[in-house]
Amino acid sequence: MKREYTVAEFRRVCDTLLAAVPDMALATDVIAAFPGERPEDHAATLELLEAYRFPHTHISQFYPR
């Protein structure tokens, strides 16, 4: 999906927050199967989920509005 931030910026925010408050519980939303999503895009999302092990992750399928 076209976001206003990059993966590097997302990681920087997560890392900054976790460094400041180590016990902080971060949560995220994931939208899967959006138009134009490639297998490598999906793999990159899974890598982020694995790296941060978010205790709360809301996952939904893409639905056009």
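A residue counts as buried when its relative accessible area is under 20%, as exposed when that value is over 50%, and as partly exposed in between. By this measure, buried residues make up 12% of the 65 residues in the chain of this predicted model. The chain exposes about 5400 Å², and carbon and sulfur atoms supply 57% of that area.

The overall layout can be followed from one end of the sequence to the other. There are two helices and two strands in the chain, and they come in the order α-β-α-β when read along the sequence. Taken along the principal axes, the box that the C-alpha atoms fill is roughly 35 × 20 × 20 Å. Among the contacts in the chain with a separation of 6 or more, 78% are between residues that lie 24 or more positions apart.

One such pairing of distant positions can be traced through the aromatic rings, of which the whole structure holds four pairs. In one of them the ring centres of Phe-10 and Tyr-52 are 6.5 Å apart and the ring planes stand at 90°, so this pair is edge-to-face. The two partners are 42 residues apart and belong to distant parts of the chain, with Phe-10 in helix H1 (residues 7-20) and Tyr-52 in helix H2 (residues 39-52). Phe-10 has a relative accessible area of 21% and is therefore partly exposed, whereas Tyr-52, at 15%, is buried. Both rings belong to one aromatic cluster, which is formed by Tyr-5, Phe-10, Tyr-52 and Phe-54.

Tyr-5 leads on to another feature, the largest pocket, whose volume is about 650 Å³. This pocket is lined by 22 residues, and those closest to its centre are Arg-3, Tyr-5, Asp-29, Thr-45 and Leu-48. Helix H1, strand S1 (27-32) and helix H2 are the elements that each give two or more residues to the lining, and the largest share, seven residues, comes from H2. Sorted by class, the lining of this pocket consists of 14 nonpolar, four polar and four charged residues.

Asp-29, named above among the residues closest to the pocket centre, also offers a way to the other strand. Computed from C-alpha to C-alpha, Asp-29 and Ile-59 are 5.8 Å apart in space, although 30 residues separate them in sequence. Ile-59 has its place in strand S2 (residues 56-61), and with a relative accessibility of 55% this residue counts as exposed.

How values were computed: Residues are numbered from 1 along each chain as its sequence is written. This is a predicted model: local features need pLDDT of at least 70, side-chain atom pairs count only at pLDDT 80 or more; totals for chains, interfaces and linings use all residues. Side-chain values use heavy atoms; hydrogens and water are left out. Rings of Phe, Tyr and Trp (its six-membered ring) pair if their centres lie within 6.5 Å; planes under 30 degrees apart count as stacked, over 60 as edge-to-face and the rest as tilted. Helices (H or I, at least four residues) and strands (E, at least two) are DSSP runs, numbered from the N terminus. Buried means under 20% relative accessible area, exposed over 50%, partly exposed in between (1.4 Å probe, protein chains only). On a 1 Å grid over the protein atoms alone, a cavity is a set of points where a 1.4 Å probe fits but cannot get out, and a pocket is an open set with protein on both sides within 12 Å along at least five of seven lines; lining residues have an atom within 4 Å of a point. Grid points are joined across faces, edges and corners, and a volume is the space filled by probe spheres set on the points. Ala, Val, Leu, Ile, Met, Phe, Trp, Tyr, Cys and Pro count as nonpolar, Asp, Glu, Lys and Arg as charged, and the others, Gly among them, as polar. Contact means heavy atoms within 4.5 Å. Accessible areas come from the Shrake-Rupley method with a 1.4 Å probe; for residues, only the protein chains shown count as cover.
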